[in-house]
Structure formats: structure tokens, C-alpha cells
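Thanks for making the time this morning. I would like to walk through one model with you, going from one region to the next, so please have the sequence and the structure open in front of you.

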Amino acid sequence: MSWSYSLGKIGGTVLRVHVTFVLLIIWITATAWAAEGPQAALVNMLFILSVFACVVLHEFGHATMAARFGVRTPDITLLPIGGLARLERIPENPKQEILIAVAGPAVNVVIFLILTIFLGGRGWLSDLQSLDNPAQSFWGRLALVNALLVAFNLIPAFPMDGGRVFRAALALFMDRVKATQVAARTGQVIAVLFAYWGLTSGNPILVLIAVFIFFAAGSESSDAAMRGLAHRAAARDAVITSFVSLTPEDTIDTAAQAILHSSQSEFPVLSPEGQILGFVTRESVLARPDPEFRQTPVSEIMFRDVPVVSLKTGMDDVLDAFARQRIPAVAVVGANGNFVGFINRENIGEWFILARAPSVRRGR
């Protein structure tokens with residue numbers, strides 16, 4: 001996700017923070033300082049950081065359960081509206097998806113019990129209006145927030161946790177793509193209700209959550225449809241075979257000329273034997289406009305960690321490769337191991353649109 005920065009890696013998962021989250025902390029601290037002084041500002045800042053520590057644990061609950069089923073979580077991003085764990089794929093076994101979905105709220109239940117039983121935190125629904133009041137019990141407020149996280153996340157608004165449980169339950173009785181479409185439409189209806197509630201109550205956070213749910217539900221529905229088509233397709237169906245390539249010795253100036261005279265966003269760098277060495281992206285070239293970079297070899301700026309698949313590789317594996325890491329393209333090789341083309345994210349989108357067209361599916 002753009003405008004997010006890494007805080008480090010935990011168990012193979014990169015923890016990122018979005019810049020808007022930092023702005024939220026600054027705004028809350030400044031507001032409390034102006035209203036009640038530095039001590040209140042410090043308490044409120046610590047409270048918000050504690051809340052998001054619980055959110056991080058919630059997301060790692062998902063990641064830990066997913067790992068039990070062989071699913072990696074490349075990164076977790078902290079946003080003002082919560083956390084976002086990006087799984088490399090969603091298990092197609094509905095029971096596994098249910099366990100992954102409920103693992104996050106289960107962590108908040110454990111935190112709630114620890115805060116109430118061992119730390120004496122007591123939070124009541126009547127305290128909701130004063131959650132930002134530093135005079136209230138710190139542990140009580142934190143316990144209440146964790147209870148709310150459990151209740152809120154289990155609302156069947158796909159792609160929230162409750163919505164994923166709903167989708168998985170539907171998938172027990174119907175096609176997964178259809179189940180996703182039903183869950184996504186339900187989630188979008190709930191999102192509209194959230195937005196109305198937020199607008200009428202003057203709560204902008206609810207409106208932001210509603211917008212996120214609405215568009216995320218549509219995106220997940222499209223992704224499920226794409227996965228459904230990918231089961232029946234191979235890399236040969238989406239590979240780009242007409243392209244401009246570079247050699248390791250070509251300069252950034254040569255790459256810039258290639259950008260000007262083609263519509264490519266990624267340029268494969270090939271050895272004299274036709275082996276793929278890496279990719280140079282349009283962004284990496286345009287990021288070095290100064291004259292002193294013109295004679296720099298592209299080998300110094302190319303992306304080297306390139307996944308390689310064969311023409312027969314299923315599109316499922318291609319989609320998984322893009323989900324596992326941030327890569328510009330996947331290289332496709334022929335039977336002899338030589339590079340024959342590549343697949344990028346834009347081309348996957350075009351393949352999906354064409355694959356859904358009835359005339360294309362009938363082979364016309």
C-alpha cells in the first residue's frame with residue numbers, strides 16, 4: 001500500500017504503518033493537549049497506541065492461524081480505521097477460512113479477559129461517550145475497546161471478519177464465486193447503512209469505514225471471480241510475447257529511449273543466451289532524471305527477484321506469485337528454459353476482462 005512505511009518484520013510478516021495513522025496520533029495528542037494539558041495528551045496518546053497494539057495482535061491472530069494452513073501473510077498495515085493483514089491467498093476450504101477469520105476476534109477476547117480478570121479493568125457501554133477521557137480507568141477503557149472490536153468485526157459485512165465467516169458458510173452450500181458475490185452485496189448494503197449512521201450522527205470514522213467496506217467488498221468479489229477463471233487457465237493465456245528487452249550493459253538513457261518509443265511499463269533484462277536476469281520498471285527509470293545517471297547500467301537498478309513460471313503453469317500460481325511479494329512482473333519461459341514473455345498486473349486485469357466476455361469463452 002502506498003504511503004506506508006515499514007516498522008520491521010515479525011515472523012516473516014512486515015509490519016507497516018500508513019502515514020495517515022501517524023497524522024491521527026498527532027491530531028489526538030494535539031487536541032488533548034489544547035483541551036486539558038500535556039498530561040492528558042500523554043495519557044490519550046498512550047491509550048491510542050495501546051488500542052492499536054491490540055489491533056496488531058488481532059491481525060497477527062489471523063496471520064498465525066493462516067500459517068497453520070500454509071498461507072503466508074506478507075504484511076500488516078496500520079490505518080486510522082484499524083489494521084489490514086494481507087494474506088497471499090484465501091484458503092478455498094471454507095472451514096479453514098472460518099478459523100482464520102475468527103482467530104482475530106478470539107485474540108481480542110483473550111485480551112479482554114486478561115484486562116478484566118487480572119488487571120481489574122471494568123468498562124461499561126455507558127462509558128462509550130467518554131472513551132477519550134483520561135480520568136476514566138485506562139484498563140477499563142481498553143477492555144471496552146477490545147469488546148467493541150470483537151462485536152464490530154463479527155458484523156457480517158464482507159470483507160470484515162464476520163463477512164468472511166458469512167462467505168465461508170455460504171461456500172459450504174454453493175459455488176465459491178457465487179458465495180463471494182452474495183457476501184459482497186450484503187457487505188455493501190451494510191456499508192451504506194454505516195455511512196448513513198455516520199452522517200446522521202456526525203461520526204466521520206463510521207463514514208470512512210463504510211467507504212472502505214463498500215469498495216473492498218467489490219474488489220474481493222472481482223478477485224474471487226478472477227480466481228474462478230484462473231482455475232481453468234494457464235500462463236500461456238495471458239503472457240505478453242511482443243516486447244522491448246534490455247541487456248545488463250544497456251544504460252538508463254537507453255531505457256529512457258525505450259520508454260519513449262513503447263507503451264511498456266516493465267522491460268525484461270536478458271542475458272546473451274536469452275535468460276531472464278530481472279526487470280527494469282518505468283518508475284525506476286523516471287526516478288533518475290538527472291544527467292549523472294544517464295550512463296548508469298540498468299543492471300544497477302533492475303528488480304532481480306523475479307518469479308519464473310512455464311507456459312503450462314496455472315494462472316492460480318501466477319496470481320499467488322503477485323500476492324506473495326511486490327513484483328513488477330512474472331517471467332514466463334518455454335520448454336527449453338528460455339524467456340518467452342512476461343505477465344504484469346495490468347495484463348492480468350485485461351486477461352480477466354477478456355476471459356469474462358462470452359465471445360472469448362466461446363472461442364470466437
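Helix α2 passes helix α3 in a right-handed crossing, and since this is a predicted model, everything I say about such packing describes predicted coordinates. The two helices, α2 covering residues 38-68 and α3 covering residues 94-118, pack at an angle of about 140°, with their axes 7 Å apart. Angles over 145 degrees would count as roughly antiparallel, and α2 and α3 are therefore described as oblique to each other. On the α2 side the residues that meet α3 include Cys54, Leu57, His58, Gly61 and Met65, while their counterparts in α3 include Leu99, Ala103, Gly104, Val107 and Ile111.

Both of these helices come back when we turn to α5, residues 161-171, where 8 of the 11 residues are buried, so that this helix is largely enclosed by the rest of the structure. The buried residues include Asp161, Arg164, Arg167 and Leu170, and what covers the buried residues of α5 includes α2 and α3, together with α4, α6 and α7. In the loop between α4 and α5 we find Pro159, and the peptide bond leading into Pro159 from Phe158 is cis, with omega near 10°.

Let me move to the strands. Four of them form an open sheet, in the order β1-β2-β3-β4, with mixed pairing. At the edges stand β1, residues 4-10, and β4, residues 82-86, each with a single partner strand, so one side of each is left without a neighbour in the sheet. From one strand to the next, the twist averages 20°. Within this sheet, β2 (residues 13-18) and β3 (residues 75-79) run parallel and are joined by 4 bridges, and the bridge partner of Val14 in β3 is Asp75.

Further along the chain, β8 (residues 329-333) and β9 run antiparallel, joined by 5 bridges, and Ala331 has Phe342 in β9 as its bridge partner. These two strands form a hairpin with 5 residues between them, and Gly337 in the turn has a positive phi of about 85°. Is β9 enclosed or not? In β9, residues 339-344, 5 of the 6 residues are buried, so the strand is largely enclosed by the rest of the structure.

One single residue deserves a moment, namely Asp253, which is placed in helix α8, residues 252-260. Its relative accessibility is 31%, so Asp253 counts as partly exposed. Leaving aside residues up to four places away in sequence, Asp253 touches Arg294 and Gln295, and its C-alpha lies 9.3 Å from that of Pro289, although Asp253 and Pro289 are 36 residues apart in sequence.

Finally, how far can we lean on all this? The chain averages a pLDDT of 86, and 94% of the residues score at least 70. Among the elements of the chain, α3 has the highest mean pLDDT, at 94, whereas α12, residues 358-361, has the lowest, at 48. Over residues 359-364 the pLDDT stays under 50, and for this stretch the model has 5 contacts beyond four places in sequence. Where pLDDT is low, the predicted coordinates should not be read in detail.

Conventions:
Residues are numbered from 1 along each chain as its sequence is written. This is a predicted model: local features need pLDDT of at least 70, side-chain atom pairs count only at pLDDT 80 or more; totals for chains, interfaces and linings use all residues. Side-chain values use heavy atoms; hydrogens and water are left out. Buried means under 20% relative accessible area, exposed over 50%, partly exposed in between (1.4 Å probe, protein chains only). Two strands pair if DSSP finds at least two bridges between them. pLDDT is the predictor's confidence in each residue, from 0 to 100. Contact means heavy atoms within 4.5 Å. Axes are lines fitted to C-alpha atoms, for helices over the stretch in contact, and angles run from 0 to 180 degrees between N-to-C directions. Angles under 35 degrees count as roughly parallel, over 145 as roughly antiparallel, 65 to 115 as roughly perpendicular and the rest as oblique. A crossing is left-handed if the near helix is turned anticlockwise from the far one by less than a right angle, and right-handed if clockwise.
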